[in-house]
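Subject: Handing over the structure

Hi there,

Here is the structure I promised to send over. Please have a look at it first, and then read on for what turned up.

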Amino acid sequence: MPDLQLDPSRLPAHVGIIMDGNGRWAKRNKLKIALGHRAGTEALREIIRNSSDIGIKVLTLYAFSTENWARSQTEVDALMALLLEFFGSEIDELHAKGVRILILGEKDGLPPLQRQALMQAEQRTAENRGLKLNIAVNYGSRAELLRAARLLAADVAAGTLSPDAIDEAALEARLYTAGDPPVDLLIRTSGEMRLSNFLLWQCAYAEFVFPQTLWPDFTLADYHACLMQYQGRARRFGGRQEA
Ligand code: IPE
Ligand code: IPE
Ligand code: MG
């Protein structure tokens, strides 16, 4: 249900969320780490649903970074299993709500079952026009920027792009987020205050909110508190005009 205090005309068009704190939540509750991640997916459902209901245009979630392969095989396996489970159980409802799913990141680096499930979710929802849900899996912003640079270079080498024509729009068009508005609001839970290789380009003028809440405990009320904080910020974009 929409929060009455929120100004619907001043919602962020694009919200990015670094869902952090599953490990600490598991530890705090004396549970195995996989159960922390599972609890995290529960929190996720509500946030996605509500974003769609209140009219957020783009929601980008950081699910698995290029650096997260450094975790134990057991934890990586648990995360990969949850990914499959999540798509299996959610895709019908998301599709019915008109959600369009796009995976940011290198799908080729994922196990075959996961790769297939993610591609199917993208294909099935490709024509939807509701909330655009970007899920960053095997994603790193540096890798994304390198990929864009390679795509630009390939077009130059093929003679279809002149180096002088490389502007911000040309680079942006080669990011996974091509066509999306820039991130307006970046939320990272668990009190950590860093980007951890998430949407470096897209967050150039984002407002940052760092709630202390661990991700599995993140409720709709917490989410709306972040949106309220965002609505209280003066965005200047380098100018002098107060928002
Ligand atoms: C975030 O929770 C989920 C992923 C990185 C996939 P963490 O597992 O990083 O939780 P903490 O930071 O250890 O508490
Ligand atoms: C960032 O969280 C990645 C995701 C939430 C998927 P991490 O927990 O992996 O980041 P660091 O290692 O604390 O920077
Ligand atoms: Mg973490």
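Let me begin with ligand 2: strand 2 makes the largest contribution to the shell around ligand 2, with three residues. Before going further, please keep in mind that this is a predicted model, and that goes for every value below.

**Ligand 2**

The residues that surround ligand 2 are I18, M19, D20, Y62, A63, F64, N68, R71, R188, R194 and S196. Sorted by class, that shell holds five nonpolar, two polar and four charged residues.

Which side chains come up in the polar contacts to ligand 2? Three of them are worth displaying:

- N68 has a polar side-chain atom 2.9 Å from an oxygen atom of ligand 2.
- D20 places a polar side-chain atom 3.2 Å from an oxygen atom of ligand 2.
- R188 has a side-chain N or O atom that is 3.2 Å from an oxygen atom of ligand 2.

On its own, ligand 2 has 390 Å² of accessible area, and the protein covers 78% of that.

**Ligand 1**

Now for the other ligand. Around ligand 1 you will find M19, D20, G21, N22, G23, R24, H37, A63, N68, R71, E75 and L79. By class these split into three nonpolar, five polar and four charged residues. Helix 1 gives the largest share of this shell, three residues, and both helix 1 and helix 3 supply at least two residues each.

The contacts to ligand 1 that I would put on screen involve backbone as well as side-chain atoms:

- R24 has an N or O atom in its side chain 2.7 Å from an oxygen atom of ligand 1.
- G23 has a polar backbone atom 2.9 Å from an oxygen atom of ligand 1.
- G21 has a backbone N or O atom 3.3 Å from an oxygen atom of ligand 1.

Taken alone, ligand 1 has an accessible area of 380 Å², of which the protein covers 82%.

**The largest pocket**

Where do the ligands sit? Ligand 1 sits in the largest pocket, and the space taken by ligand 2 is the largest pocket too. This pocket has a volume of about 690 Å³. It is lined by 30 residues, and those closest to its centre are M19, N22, Y62, A63 and N68. M19, A63 and N68 will look familiar, as they are among the residues listed around ligand 1 and also among those around ligand 2.

Several elements give two or more residues to the lining of the largest pocket: helix 1 (22–28), helix 2 (33–54), strand 2 (58–65) and helix 3 (73–96). The lining as a whole is made up of 14 nonpolar, nine polar and seven charged residues.

**The second largest pocket**

The second largest pocket holds about 230 Å³ of space. Its lining counts 18 residues, with E172, P182, V183, W201 and Q202 closest to the centre. The lining of this second largest pocket divides into nine nonpolar, four polar and five charged residues.

**An enclosed space**

How many cavities of 30 Å³ or more are there? The count comes to one, and the volume of the largest cavity is about 30 Å³. The residues lining the largest cavity are R45, I48, R49, E90, E93 and L94. Helix 2 and helix 3 each contribute at least two residues to that lining. By class, the lining of the largest cavity has four charged and two nonpolar residues, and no polar ones.

**Where to look first**

If you only have a few minutes, start from the largest pocket and bring up both ligands there. For ligand 2, the side chains of D20, N68 and R188 are a good place to begin. For ligand 1, look at the backbone of G21 and G23 and at the side chain of R24. After that, the second largest pocket can be found by centring the view on residues such as W201 and Q202, and the largest cavity by going to its lining residues, including R45 and E90.

Happy browsing, and do write back with any questions.

Best wishes

Definitions and conventions
Residues numbered from 1 in each chain as written. Chains lettered and ligands numbered in written order. Predicted model: local features only at pLDDT ≥ 70, side-chain atom pairs only at ≥ 80, totals over all residues. Heavy atoms only, no water. 1 Å grid on protein atoms, 1.4 Å probe; cavity = no way out; pocket = protein on both sides within 12 Å on 5 of 7 lines; lining within 4 Å. Points joined across faces, edges and corners; volume = space filled by probe spheres on them. Helix = DSSP H or I, 4+ residues; strand = E, 2+ residues; numbered from the N terminus. Nonpolar A, V, L, I, M, F, W, Y, C, P; charged D, E, K, R; others polar. Near = heavy atom within 4 Å. Polar contact = N/O pair within 3.5 Å; in protein donor to acceptor, adjacent residues only side chain to side chain. Areas by Shrake-Rupley, 256 points an atom, 1.4 Å probe, with all protein chains shown as cover. Sits in = over half its atoms within 2 Å of the grid points.
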